[in-house]
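Reader: I would like to go through this predicted model with you step by step. Could we start from one sheet and then move on to the rest?

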Amino acid sequence: MLLGFAVSPYLLLAAAGQKAKPTFAQDVQPVLKAHCASCHSGSEASAGLDLTTVSGIKRVVKANDSKHSPLILRLSGIGGTQMPMGFAPLPKETIDRIAEWIDAGAVIDGGNGKHWAYIPPVKPSVPKLTSPRIRNPIDAFVLANLRKQGLTFSPEASKETLLRRVYLDLIGLPPSPKEIDAFLADKRPDAYERVVDALMKNPHYGERQAEPWLDLSRYADSDGYEKDLNRTAWEYRDWLIDAFNKNLPYNQFTIDQLAGDMLPNPTQEDLIATGFNRNTMMNREGGVDQEEAHFNVILDRVNTTSTVWLGSTLQCARCHNHKYDPFTQVDYYRMAAFFANAAIYPEGSKAVGEEKWLEASIQTPSPQQEAERRRLKTEIAEIERRMAIWTPELQSAYARWFEGAKRGAAWLVLNPKELKSENGATLKSDEFGVISSTGTLPATDIYTVTGPAGLKRITGFSIEAMADPSLPAKGPGRADNGNFVISKVSLVAGTTKTVIASAKADFDQRDFDASKVNGPDVNFGWAVSEGQGKSHEIVFDLKEPVEVNPDTPVRVEIDQLWPGGKHLLGKFRVSLTSTDHPASLLVPGKIRQLLDVATPGDAADKALKDYYLKVAPALDEDRDRLSSLNRDLATLEAAIPTALVMRDRPCNGPLTAYVHSRGQFLTDTELVTAGFPAALSAPEPDAEPVKSVPEPHDTKDPAPVPHINANGSITSGPVRTRLDLAKWLVSRSNPLTARVEVNRLWEQCFGRGIVETSEDFGTQGARPTNQPLLDWLACEFMDKGWDMKGIVRLIVTSSTYRQSSDATAALIERDPQNALLARGPRFRLDAETIRDNALSAAGLLDPKIGGPSVFPYQPDGVWDNPFSSERWPESPGGDRYRRGLYTFIKRSAPYPSLLSFDGTSREECTVRRIRTDTPLQALALLNDKAIFDAAEALGKRMAAEGGKTVEQQVAYGFRLCTGRRPSKVETTNLAALLGKLKKRFAANPAGAKKLGGTPSQAAWTMVGNVLLNLDETVTKG
Amino acid sequence: MSEFERELLKQITRRTLFKQVGYGLGGMALSSMLSESLLAALVPAPGQENPLAAKKPHFPAKAKNVIYLFMAGAPSQVDLFDHKPMLNKYDHQACPAEYLKGDRFAFIKGTPKLLGSPFTFEKCGQSGQEISELLPHLKEIADDVTVIRSMSTEQFNHAPAQLFMNTGFQLPGRPSMGSWLTYGLGTENLDLPGFVVLISGMSNPDGGKSCWGSGFLPSVYQGVEFRSQGEPVLFVRDPDGVTREIRRDTLDALKELNQIQYKQSLDPEIETRIAQYELAYRMQTSVPELMDISKEPKAIHEMYGTEPGRKSFANNCLLARRLVERGVRFVQLYHRGWDNHGDSEGNDIKHGLPEMCRQTDQAATALIKDLKQRGLLDETIVVWGGEFGRTPMNEGKGGSPFPGRDHHPHAFTTWVAGGGLKPGLSLGQTDELGYRVTEDPVSVHDLHATILHQLGLDHTRLTYKFQGRNFRLTDVYGEVVAKLVG
């Protein structure tokens, strides 16, 4: 094998006809760093030669004379041990390349040895070219580059193609036939610019622009890892949409996301924006060392922030100094210090390994919710205030209650003459009126007990549920665990139906208290779990006492309807009383003791009075109102969305973080203060006065983080926070931020960035294909106040963008990736847009913007996480057909058809999705129910709206999908397919029926299926 | 440059780069030397060459395929393979402090007590491998398997440890072993995915679908789940009422229309798409055929303990054989449920662990026997193991009376078979409590390096450049275990 692994890139470069001059940054520096610097660098450099400095390199390089340059000689094994010492010699091609660089003058890029991307951009002058195709400076830069290569622009794309392209790029949805017709008819010279302006005001603009940011910010609706529980995070997604629609300047957009919480008087929106860095994963698995998990969260914030804003691979410096780029491990942990002071809220039991470190979240009520909450709270406070006032009436009622409670109510046991079980239990009474239920144990039952009143006046009644060794768990209920649930009760004296005013029990099961009896929800009632094996009593006050004769029959009905089943009383008795307000006299044991010892003014007296306020019959109405208000408030609170936000703890002095040797959590070494990577910032003065740390929103005792930081232990030095970091990122002197963002905007439109490796602007990344253009755009961006819409508008109104994407064989050969842009962009749509385009063509799309994430159809069994019962709850109605970006993202089990089209799991920041083309994509597009629904709807739409002839109908469908009219042959093909399918289905009407219709309808569905699978439908051309 | 080189270079067009260089992997390794933009200009655009087409390895391979039986939840090595009489001798006595010093546990608090194994061990076969009574079937093939008792990992929680075991890194984002292998070697049967995942047991593994994700590699290399219930592969089934003829009609029409578009734009991507639809059509036949085990002979069903239509480890073992038979490069089975903490009787060492063995032992053994009888074992590496081991100590979480063991990263057992690895070998030793490895340590990266080696790949050369760095499955670690490869 002649070439094998040792093939030099440069030979290949020559082969590809792209022979480029060697450069220091591309060809020399990486070699020195990779093969020489481990010995020849730093204070103890071998032979005192530091090859990481310009002066060191100059010692071994004689410009224009490679033959006499020690660097080349020693690498070639001449004049001493061949370098690198102890390693295999470098490939000849590599050495030749360095020699070539020396012979060309040994220029160290930028004159100061700095990689191009680390030198702040200077706005280049626009090339002076004359061409009618130059619409704005972009075209001049691109055309200048093309002319150097002997190329020129392709013709302008057709109006139909252009319209679809710009719709998909700006709002992510295709134009409707009506919009296409209007544009075709608009002969004004600025018709296209008018469309662009309108699209930029379209509220769907923000949705499309937010999509790449959801990948960048690793936005998801679940925590990730084992349990991968759902979280509420969508407020951040909606903030993004809104920010793009408002055209928030990129510098503010940056500050809000990284440090919105540190702005003076932050608004709710400012806080929601910080969700950017709260989108980190969270490992809720049992037994996880929470500090280690939090350490990983902090580092993810460093990595993501530096990837998104600096286009830099700072994460390489987690374990050691960056091998290629000028970032040290200290730089890395200085960045980490900005994030290492997050407020932690531990939750769960540490003793059983279930402690979780949560971070801050806030409620984000709508103005209406906020108003409603204020109204409820005001009224609640008012009632509570009123109820605490000891009016003379209340005082005298208290005195009466005190005496009554001391004595207790006088009870007469109802002597049952008639016992009835609705569902077949056997009820029997003994001579003391104690009733037992035996025999059949139905799921639910209604007991009716009837007997003579025995009294002249009935003010209330009681049911005693009685424990007994014969019952399961000693009763009092017949359920396996001795429990029962009383759902409803009623008392009829003669013909008088009574109304129950209140109920009280000596013991209540949690959530099953006495007040639930006769309540609206059959899932609740009075029950006594955790009090089984003992007798319990519930007392009911009647609203109006009933006057009766002692022999008037009194009927008490006890409904036991709990849906869980078989929770019936086992042994009980019913008693009546004439004492006023008997329920209030049923006092817990502790209170009963106080009754005997209280003297006015002492603690017991106070406790009794406090207790009385809770049961006083005179306050019943207020109490009812209060509990209803509290219920409303709880319902409202549950409906208020939440957002995950950044929040720091207080800190005296600079924020700090430990450097972790080899990046490992347990190996914390040096403590460093928060700061910016040295290579990207001007030298700082040694000591700045300590300034005050922003007032924290929270002063809770911080959880100790011994391996992460020792905040407060360094008390001098400049104090910098995330806010300073954000401001530094968007300062004019930052060489990267503007370039990185305009490059991404460019990539969105052209399918590849001016720097192809949009995630890496470092020395190992791709060089810009047109640096003057990139720098001009970056400077223009900053000059115009970081105006994102402004840059997008420049791009989409350029001639470069408006070219036809049709290629020639020669162009494909010359520039297969279209790096030079001698033709327009043509590439497959993103996963979300494929869905949106299909639903839109079919007329199914629900265009609602924002709100909680939705659950469109997903095959069964995709979600199946350990220790989680969460299942995919398919959304009803229009939510099944919302835009792709609203689909619920479960990190451990992402939505299959989005994943299949290179969508991401959002487990970490993704800058660039690599487009693939697989058979699984074909299967998803052919058969995924969500897309097949669209095929069916599209079929119906063609047949109903397309026109009179089959040709018109299929042409209409074709246009809905691709934005253009089909050619004659395309129409003929589709019409022929329809005919063929109709015949097939006519011969198999049962098959057609399975597809939901007549043979003709089924055939239309399948034509829709084909149209949605066309290459052109899923491609932006 | 020689005239010959010059001539050769002329022939290196984007389309033929890999072939001219001689083998795909050369091209792939080469890619790591090139800047991405340069690479993009030189290597075939996505799909122009099928990225899954079979490629030659770095050096002659001993094995072609891998079947990885991933025992998610982590089986207890001291009850199955690593026999420690001292644990029984000092049963329920405090674990000596020198062992525990500086150690972190998931759930154990305070000083734990040692827990002897309630099971007996036996030396089996000519090799004399010690295997527990819980694995009666495996005992029969002791001479065919290599037991590594000296595995260790760096992670002691399930999700990070499963990611580590599958991708060589504890956080999501790196490609899994199956992805690396299909990236490096392609696959032999283009009618099927090159990397297939089969799931049985309690649920999906703790690490989620990132366990078979492609990380920063193109998503074409991610594992494809073949499902026991519903469609065998998502969306492989046409909607009810769509016959094969109708699907053919529609695909023919689609192809014609796409060809018209190709003539207009000359975008090679269209040709690729046409080919992928044809492949999809073939998969619609090949996948259901593959998944239908009902026609396997009775003897085979009896051997594996399979029942057609069930979601079971046994069915998946049989499917794994059918997959490698058809040239699928990497098959991974997940069977979750080995997390025997002892917080209830159902998941303790005395009841839970034997149940897991009952679910898996017969089928795993049958798989080895079946591969062997078909002559496939030589070219297939079978790996059996979890993400870490279990503590020699009782966990006793919340005072639980049931014997259970916590997560243990320092020493555990994995067995391998086939693929030219030394059969019958017992590799590695642990200390008398089975707490730490004392001889022949094998790290996760070492295991990866060794598997790659058997497939003809140098783990330091199988790289992919992402964000300026050449990444490997083995990160910056890993050595081929010489004693295993012979």
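Author: We can begin with a sheet in chain A, an open one of five strands that are paired in the antiparallel sense, and its strand order is S5-S8-S14-S10-S11.

Reader: Which strands of chain A are the edge strands of this sheet?

Author: An edge strand is one that pairs on one side only. In the order S5-S8-S14-S10-S11 of chain A, this applies to strand S5 (418–421) and strand S11 (496–497).

Reader: Which residue of S11(A) does A:Val492 stand opposite?

Author: Strand S10 of chain A, residues 488–493, pairs with S11(A) over two bridges, and the sense of the pairing is antiparallel. Within S11(A), the residue that stands opposite A:Val492 is A:Lys497.

Reader: Over which residues of chain A is the pLDDT below 50?

Author: Chain A averages a pLDDT of 91, and 95% of the residues score at least 70. One stretch with pLDDT below 50 nevertheless has 37 contacts in the model beyond near neighbours in sequence, and another has 19 such contacts. Where pLDDT is low, the predicted coordinates should not be read in detail. The stretches concerned are residues 1–18 and residues 685–699.

Reader: Which helix gives the largest share of the side of chain B that touches chain A?

Author: In the model, 90 residues of chain B are in contact with 97 residues of chain A. Several helices of chain B each supply at least two residues of that side, among them H1 (3–11), H9 (158–167) and H12 (268–291). By class, the side of chain B that touches chain A has 39 nonpolar, 29 polar and 22 charged residues. The largest share, 13 residues, comes from H11(B).

Reader: Which helix gives the most to the largest nonpolar core?

Author: The largest nonpolar core has 330 residues, and those with the most contacts inside it include A:Ala336, A:Val1007, B:Cys317 and B:Ala320. Apart from this core lies another, of 55 residues, among them A:Phe540 and A:Ile558. With ten residues, the helix that gives the most to the largest core is H12(B).

Reader: How many residues of H14(B) are buried?

Author: Helix H14 of chain B covers residues 313–325, and from its first C-alpha to its last it reaches 18 Å, close to the 18 Å expected at 1.5 Å a residue. Its buried residues include B:Phe313, B:Leu319 and B:Val324, as well as B:Cys317 and B:Ala320, which are also listed among the residues with the most contacts inside the largest core. Just after H14(B), B:Gly327 takes a positive phi of about 90°. Of the 13 residues of the helix, the number buried is eleven.

Reader: Why is strand S11 of chain B largely enclosed by the rest of the structure?

Author: Chain B has 17 helices and 17 strands, and 62% of its 486 residues count as buried. Strand S11 of chain B, residues 412–418, is largely enclosed because the number of its residues that are buried is seven of seven.

Reader: What is the bridge partner of B:Ile381 in S11(B)?

Author: Strand S4 of chain B (145–152) pairs with S11(B) in the antiparallel sense over five bridges, and there B:Ile148 has B:Thr414 as its bridge partner. Strand S8 of chain B (380–385) also runs antiparallel to S11(B), joined to that strand by four bridges. In S11(B), the bridge partner of B:Ile381 is B:Gly418.

Definitions and conventions: Residues numbered from 1 in each chain as written. Chains lettered and ligands numbered in written order. Predicted model: local features only at pLDDT ≥ 70, side-chain atom pairs only at ≥ 80, totals over all residues. Pairing = 2+ DSSP bridges. Expected span 1.5 Å × (residues − 1). Buried ≥ 20, exposed ≤ 12 C-beta atoms within 10 Å, placed from the backbone. pLDDT = per-residue confidence, 0-100. Contact = placed C-beta atoms within 7 Å. Nonpolar A, V, L, I, M, F, W, Y, C, P; charged D, E, K, R; others polar. Core = buried A, V, L, I, M, F, W, Y, C linked by C-beta atoms within 7 Å.
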